[in-house]
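Visitor: I'm new to reading protein models. Could you walk me through this one?

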Amino acid sequence: MLVLLHACAAALQPATAPARTVAAASRAGRPACAAATSDAADRAKAALDAMDADVSAAEAASAAGAAFTNLNAAGPSVFPLAAVVGQEAIKTALLLCGVNPRIGGVVISGSRGTAKSVMARAVHQLLPPIEVFKDSPFNIDPESGEYDSFLKAKIDAGEIDPNALETEVIDPPFVQVPLDVLEDRLLGAVDVEKSVRTGETVFEPGLLARAHRGVLYVDDINLLDESTSNLLLEALSTGYVTVEREGLSVRHPCRPLLIATFNPEEAELREHLMDRIGVCLSADAEPVTGDDRLEAVNRALEFSRNPPEVVQRFDETTESMRTSIIFAREYLKSMKLERAQQKYLCEEAVRAGVQGHRGELFAIEVARANAALAGEERVSSTDLQMGVRLCIAPRGTQISAPPEDDLMQAPPPPPPPMDQEDE
């Protein structure tokens with residue numbers, strides 16, 4: 001940095017120094033204007049060289065001090081999820097969806113100013129980095145065995161070996177779907193300009209391709225065009241996006257964490273949309289006390305004045321949440337429900353008058369995720385009750401607060417350990 005300052009000071013020398021240079025150039029037989037221009041160019045080049053050297057030194061120091069750079073910290077500060085006052089049911093649902101994307105996402109209803117979008121963006125900061133094939137526009141997981149059409153065609157033709165492809169670790173994407181999005185922008189389409197320039201059909205991936213393995217956020221989903229919302233939920237329910245147009249057939253995986261919000265005062269959310277999203281909760285369901293309201297206002301004011309200070313205050317809790325999600329994803333792989341536990345969820349769905357079977361299916365995934373997040377070896381009665389509270393009870397009537405525990409039937413006990421079964 002000192003070299004940079006000296007170079008800049010040299011570039012701002014008084015006019016006497018150039019005058020002496022001009023005089024010397026005149027004695028040497030060179031034109032005065034050419035000498036002055038050359039001298040200024042030399043000083044500018046020296047300043048740029050010093051700046052490049054300073055930046056290189058800073059990058060080297062940063063690389064030596066940290067093996068991985070958190071790209072989330074490079075952008076504007078995001079209000080921490082741990083700093084949100086109240087809304088415990090919604091925060092729990094977001095954490096569970098971060099553990100198990102098969103839950104089907106979260107839709108949050110509420111009036112203006114109830115931290116709906118704040119919580120949606122905050123949970124993105126808790127998701128761990130993902131490993132993808134380098135320069136893959138579809139965020140393909142190297143260990144999943146699921147490939148997009150272009151990569152699969154090259155593998156089937158023997159042109160490339162997937163085990164030899166270079167990979168990289170990136171932050172999970174956060175993609176917001178605008179209300180006026182077109183089908184081509186959502187699903188992807190042929191890039192006509194590139195196709196004409198290259199002579200080959202070039203496919204431009206859409207928003208769903210970018211959101212794979214990240215967060216797909218839809219604000220005011222109740223105002224989204226009906227045909228667009230149907231395409232969106234169809235892709236999320238099947239886990240794949242299929243595009244067939246202009247003689248091109250493309251298929252790629254699409255399993256993001258869907259987070260949607262809406263204000264019921266503007267328009268109600270269609271029932272078939274609510275049924276296809278795993279968890280439907282209201283931010284207005286739980287009454288806010290005067291003390292909680294005051295604390296929420298104070299935290300919002302502090303964050304507006306000094307965002308880094310608020311982020312740092314809740315950094316320990318945020319890091320604990322992030323670590324819990326990482327471990328829970330590993331525990332989830334071996335987590336299963338017994339038949340008696342599945343029967344209990346079905347009976348609760350019948351009691352609540354739930355139509356269809358999505359309520360039980362999503363409740364099973366919630367119970368597995370809750371057990372994994374708690375570090376349990378098997379699903380317990382508490383995990384089953386969480387599945388009922390988040391997925392079955394809201395489908396029985398309208399979006400409302402989760403029911404109290406004493407209003408639900410007692411779930412079956414967890415299965416005995418394997419060693420007791422052998423005895």
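Guide: Sure! Let's start with a term: a residue counts as buried if its relative accessible area is under 20%, as exposed if that area is over 50%, and as partly exposed in between. Keep in mind that this is a predicted model.

Visitor: With that in hand, what share of the chain is buried?
Guide: The chain has 423 residues. Counting the buried ones gives a share of 39%.

Visitor: How many helices and strands does the chain have?
Guide: The secondary structure here includes both kinds of element. The tally is 18 helices and 11 strands.

Visitor: Which residue of strand 11 is the bridge partner of Val107?
Guide: Strand 1 covers residues 106–109, and strand 1 pairs with strand 11 in the parallel sense over 4 bridges. Strand 11 itself runs over residues 279–282. Within strand 11, the partner of Val107 is Cys280.

Visitor: Are the two faces of strand 11 covered or open?
Guide: Take one side: Val279 and Leu281 are buried there. On the other side, Cys280 and Ser282 are buried too. That makes both faces covered.

Visitor: Which residues touch the most other members of the largest nonpolar core?
Guide: That core holds 57 residues. One of its well-connected members, Leu390, is in contact with Val279, Cys280 and Leu281, among others, leaving aside neighbours within four places in sequence. The residues touching the most other members are Leu94, Ile259, Val279, Leu345 and Leu390.

Visitor: And how many residues are in the other core, the one with Phe262?
Guide: This core lies apart from the largest one. Its members include Ile155, Leu208, Ala209 and Phe262. Its count is 35 residues.

Visitor: Let's talk rings. Why is the pair of Phe133 and Tyr147 called tilted?
Guide: There are 5 aromatic pairs in the count. For Phe133 and Tyr147, the ring centres are 6.4 Å apart and the planes meet at 35°. Planes under 30 degrees apart would count as stacked and over 60 as edge-to-face, so the rest are tilted. With its planes at 35°, this pair is therefore tilted.

Visitor: How many residues apart are Phe150 and Phe203?
Guide: These two also form a tilted aromatic pair, at 6.1 Å centre to centre. Phe150 is in helix 6, while Phe203 is in strand 6, so the pair links distant parts of the chain. Along the sequence they are 53 residues apart.

Visitor: Is Phe203 buried or exposed?
Guide: Its partner Phe150 is partly exposed, with a relative accessible area of 33%. For Phe203 the value is 10%, and the cut-off for burial is under 20%, so Phe203 is buried.

Visitor: Which ring does the charged end of Arg251 sit over?
Guide: The charged end of Arg251 is 3.8 Å from the centre of that ring. The ring belongs to Tyr240.

Visitor: Is Asn100 buried or exposed?
Guide: Asn100 is in the loop between helix 4 and strand 1. Leaving aside neighbours within four places in sequence, Asn100 is in contact with Leu332, Glu365, Arg368 and Ala369. Its relative accessibility is 2%, so Asn100 counts as buried.

Visitor: One last thing: how far apart in space are Lys152 and His252?
Guide: Lys152 is found in helix 6, and Lys152 is partly exposed. In sequence, Lys152 and His252 are 100 residues apart. In space, C-alpha to C-alpha, the distance is 9.8 Å.

How values were computed: Residues are numbered from 1 along each chain as its sequence is written. This is a predicted model: local features need pLDDT of at least 70, side-chain atom pairs count only at pLDDT 80 or more; totals for chains, interfaces and linings use all residues. Side-chain values use heavy atoms; hydrogens and water are left out. Buried means under 20% relative accessible area, exposed over 50%, partly exposed in between (1.4 Å probe, protein chains only). Two strands pair if DSSP finds at least two bridges between them. Rings of Phe, Tyr and Trp (its six-membered ring) pair if their centres lie within 6.5 Å; planes under 30 degrees apart count as stacked, over 60 as edge-to-face and the rest as tilted. A charge sits over a ring if NZ of Lys or CZ of Arg is within 6 Å of the ring centre and within 35 degrees of the ring normal. A nonpolar core is a set of buried Ala, Val, Leu, Ile, Met, Phe, Trp, Tyr and Cys residues joined through side-chain atoms within 4.5 Å. Contact means heavy atoms within 4.5 Å.
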